[in-house]
Amino acid sequence: MAGEIWVLVEQWRGRISDITYEVLALGREVAEALAGSLQAVVLGPGAGESIFSLGAADGALMVEHSALAEPVPEVYALALAQIIPQRQPQALLIPQTNVTMELGPLLAARLAVPFLNSCRDVQVTDGRPVARCILYGGKVEASVTPQSAPAVFGILPGVRPPEQGRVERAPAVRALSVDLPTEFPLRFRGYTELEAGDVDITRENVLVAVGRGIQRPENVALAEELAAALGGAVCGSRPVIDQRWLPPSRQVGTSGMIVKPQLYLALGISGAPEHAQGMKEAALIVAINTDPRAPIFDIAHYGVVGDLLEIVPAMTTRVKQGKQAA
Amino acid sequence: MLNILVLVKLVPDTVEELEIAPDGRSLDPASVRLILSERDEHALEQGLLLKERYGGTLTVIALDVPEVDDVLFTALAKGADRAVKITGMEPGPSTWTAAGLAARTLAAGPGLLPADLILTGVQAIDDLDGQAGPILARLLELPYVGITCRVEVDPGARSAVVVREYVGGVTGTFEVSLPVVLGVQSAEKPPRYVPVAKVRAAMKSQRLESVPASGESAVMRVEILQLMKPEATGRAVMLDGAPEEVAAQLCDVLAARGLL
Ligand SMILES: Cc1cc2nc3c(=O)[nH]c(=O)nc-3n(C[C@H](O)[C@H](O)[C@H](O)COP(=O)(O)OP(=O)(O)OC[C@H]3O[C@@H](n4cnc5c(N)ncnc54)[C@H](O)[C@@H]3O)c2cc1C
């Protein structure tokens with residue numbers, strides 16, 4: 001029992017998310033280094049059906065309960081808070097997404113255990129797990145270690161390739177039981193799909209994306225002109241949507257849309273993980289940013305350190321000239 | 001009449017180049033300019049919208065750090081009724097624990113509770129662990145919902161409908177009984193702007209309250225070994241030159257891929 005490393009299997013609308021496999025691959029390494037066994041933790045009424053691709057784990061811990069039908073954070077946290085003391089794992093690795101966001105903090109508050117979030121890696125040094133956590137929008141990284149076990153880690157997307165953690169084999173299953181109340185102060189009422197906008201950015205070949213670096217609503221027009229010249233559409237990062245400079249249907253990222261265009265032109269976008277998750281699979285990523293250390297340059301194929309307000313109009317002119325010449 | 005509390009904190013402005021202090025485990029204070037955390041600005045706006053819609057009082061609460069007075073007076077100028085500083089916090093690598101301390105002080109309660117809604121930003125860039133709301137909810141034995149983007153209150157029924165973001169533009173709707181702690185992602189409207197003159201007027205006509213930090217001092221359950229500037233993985237091919245030159249190079253890249 002001692003020495004278990006747990007990975008929470010993140011499921012969204014009946015499907016295991018890729019990040020689960022990424023975290024399983026990481027969990028495999030951590031378990032090996034700590035000479036522990038890797039356990040995939042599956043919550044939900046139909047948990048049994050989803051274990052066939054979890055062969056990277058030595059075992060699956062299954063909690064089947066009707067109250068776990070939807071990922072309601074408080075209820076999930078309560079279930080985890082009951083099974084953690086039962087088995088005292090060394091670590092619980094939680095894929096960090098919008099689905100699971102509150103789990104780590106709720107567990108930490110409930111069980112008084114260490115919680116390390118926004119980990120882009122976890123390695124074992126001198127028998128201790130040491131996480132690399134990002135802070136300040138990716139401008140600083142901290143290496144952090146928990147002072148006691150069990151410890152909860154929130155793992156960012158992209159920690160390992162998903163293929164590394166996807167093994168089509170069902171691990172040995174152990175069912176765990178939880179005692180959940182039938183009434184919660186919090187009642188789930190249903191999901192709402194985003195109202196379709198004028199443009200479906202997931203279907204566009206070329207996306208010109210604007211971030212906070214666009215500075216003013218008037219400047220969005222510069223991006224519109226470039227997008228029009230390139231035959232694409234404009235989308236944006238969260239701050240631009242929060243300001244209502246673009247409609248919610250144009251948001252790229254974890255809360256917004258996942259896009260895979262042929263070209264993603266990131267203008268004044270820093271490249272926070274929540275944004276990167278929505279666009280990192282684009283075939284060609286070009287970033288323009290005034291900050292040479294912006295994390296977006298780590299995922300871009302081409303980068304320019306410069307002022308988008310100068311470069312974008314110059315590009316629009318070029319593209320239009322090129323079209324006339326052709 | 002709703003009693004609304006909004007817990008806010010200040011974080012380093014990342015527009016500044018952040019430098020690491022010689023101890024290697026904290027930021028060089030000289031490189032840090034503090035501003036209101038973006039998500040907390042949304043929490044304040046959401047609170048103000050609720051107050052305007054349903055009536056009540058709004059109290060904004062922050063840890064006493066440099067620049068906090070400006071932030072609190074700005075909140076008063078925007079429409080907050082009371083502004084409270086939590087004083088006497090020990091200095092140190094406190095960002096990981098400050099949220100817990102604020103939550104404990106509030107729970108220890110200098111006449112601020114009971115509240116109907118306690119709002120805070122869902123997370124802040126200096127710790128990214130989003131623990132303030134959950135710790136508070138735990139200490140007060142209240143429900144917690146994070147990543148909220150819409151809140152409607154039924155004051156008669158003492159309940160609220162809260163919309164939480166999931167993924168791909170999908171949101172989930174929850175019905176929750178009051179009181180509740182909410183981790184706000186986005187207010188329903190962009191945070192309001194308030195002219196400097198109004199902030200100055202608030203400074204003249206209103207005052208800030210203070211309460212000493214109380215409750216057990218927050219336990220640091222993690223050890224920061226080292227802070228570092230991330231190494232660029234250097235994946236991007238960097239282009240340089242005057243704007244027109246870069247534009248030309250970029251167009252060549254696009255043309256080579258058949259994108260023009
Ligand atoms: C639960 C949760 C979900 C989230 N979901 C999403 C999501 O779906 N999508 C999303 O985008 N974010 C999301 N976020 C927010 C995310 O964490 C970041 O805050 C956000 O992506 C930052 O947007 P940005 O890059 O535009 O702004 P910033 O990080 O402020 O970056 C602005 C950039 O512009 C550059 N710049 C400034 N001026 C210029 C100029 N003149 N020319 C060129 N560059 C310039 C700056 O150097 C900087 O790098 C989420 C956060 C949370 C907590």
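1. A residue counts as being near a molecule when one of its heavy atoms lies within 4 Å of that molecule. In this predicted model, 31 residues are found around the ligand, and those that come nearest are A:Arg212, A:Ser237, A:Val252, A:Ser270 and A:Asn289.

2. The ligand lies between chains A and B. Among the parts of chain A that each supply at least two residues of the surrounding shell are helix H6 (238–242) and helix H7 (273–279), together with strand S16 (284–289). Sorted by character, the shell consists of 18 polar, eight nonpolar and five charged residues.

3. Several side chains of chain A can be placed against particular atoms of the ligand. The side chain of A:Ser270 has an N or O atom 2.6 Å from an oxygen atom of the ligand, and for the side chain of A:Asn289 the distance from an N or O atom to a ligand oxygen is likewise 2.6 Å. A nitrogen atom of the ligand, in turn, lies 2.9 Å from a polar side-chain atom of A:Asp307. The protein buries 87% of the 990 Å² that the ligand exposes when taken alone.

4. Why does A:Cys119 not form a bond with A:Cys133? The closest cysteine sulfur to that of A:Cys119 belongs to A:Cys133, and at 4.0 Å it is too far for a bond, because a disulfide requires two cysteine sulfur atoms within 2.5 Å. A:Cys133 is accordingly in no disulfide, and a search of the whole structure finds zero disulfides over all chains.

5. Both cysteines can also be described by their accessibility. A:Cys119 is buried, with a relative accessible area of 0%, and A:Cys133 counts as buried at 0% relative accessibility.

How values were computed: Residues are numbered from 1 along each chain as its sequence is written. Chains are lettered from A and ligands numbered from 1 in the order in which they are written. This is a predicted model: local features need pLDDT of at least 70, side-chain atom pairs count only at pLDDT 80 or more; totals for chains, interfaces and linings use all residues. Side-chain values use heavy atoms; hydrogens and water are left out. A polar contact is a pair of N or O atoms within 3.5 Å; within protein, one must be able to donate a hydrogen and the other to accept it, and residues adjacent in sequence count only if both atoms are side-chain atoms. Accessible areas come from the Shrake-Rupley method with a 1.4 Å probe; for residues, only the protein chains shown count as cover. Helices (H or I, at least four residues) and strands (E, at least two) are DSSP runs, numbered from the N terminus. Ala, Val, Leu, Ile, Met, Phe, Trp, Tyr, Cys and Pro count as nonpolar, Asp, Glu, Lys and Arg as charged, and the others, Gly among them, as polar. Buried means under 20% relative accessible area, exposed over 50%, partly exposed in between (1.4 Å probe, protein chains only).
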